[in-house]
Amino acid sequence: VIVRRGEDRGWVGECPALPGCVSQGATVEEAITNIREAIHACIEVLNARAQRLHARRPRKTRLIAIRV
């Protein structure tokens, strides 16, 4: 996670591993709390998309989950 000073006021948190996953807060601590929540939300969306893809996959392929 990258936390930097916002252009106007406050702080911006960004997760480069999840493009578009950005949040902000009035303080560094608030920005960290908010980006943590945003990361959880982004992962939930990605998991939901993966489940939909899994449901539509051809029978001759396998979906294998790996831990990274």
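Buried means under 20% relative accessible area, a cut-off worth keeping in mind for the views of this predicted model.

**View 1. The whole protein, from end to end.** Welcome to the overall picture, where the protein shows one helix and three strands. Read from the N terminus on, its elements follow the order β-β-β-α. The protein has 68 residues, and 21% of them are buried. Its accessible surface comes to about 6000 Å², with 54% of that belonging to carbon and sulfur atoms. Among contacts between residues at least 6 apart in sequence, 15% join residues at least 24 apart.

**View 2. A close look at Cys-15.** Cys-15 has 11% relative accessibility, so this residue counts as buried. A disulfide needs a pair of cysteine sulfur atoms within 2.5 Å, and by this rule the protein has zero disulfides. For Cys-15, the nearest cysteine sulfur is that of Cys-21, 5.3 Å away, and Cys-15 is in no disulfide.

**View 3. Moving on to Cys-21.** Here the nearest cysteine sulfur is that of Cys-42, at 3.3 Å, and Cys-21 is in no disulfide. With a relative accessibility of 1%, Cys-21 counts as buried.

**View 4. Ser-23 and its contacts.** You can find Ser-23 in strand 3, which covers residues 22–25. Ser-23 counts as buried because its relative accessibility is 18%. Setting aside neighbours within four places in sequence, Ser-23 is in contact with Trp-11, Val-12 and Gly-13, and also with Asn-34, Ile-35 and Ala-38.

Technical notes: Residues numbered from 1 in each chain as written. Predicted model: local features only at pLDDT ≥ 70, side-chain atom pairs only at ≥ 80, totals over all residues. Heavy atoms only, no water. Helix = DSSP H or I, 4+ residues; strand = E, 2+ residues; numbered from the N terminus. Buried < 20%, exposed > 50% of the residue type's maximum accessible area, 1.4 Å probe, protein only. Contact = heavy atoms within 4.5 Å. Areas by Shrake-Rupley, 256 points an atom, 1.4 Å probe, with all protein chains shown as cover.
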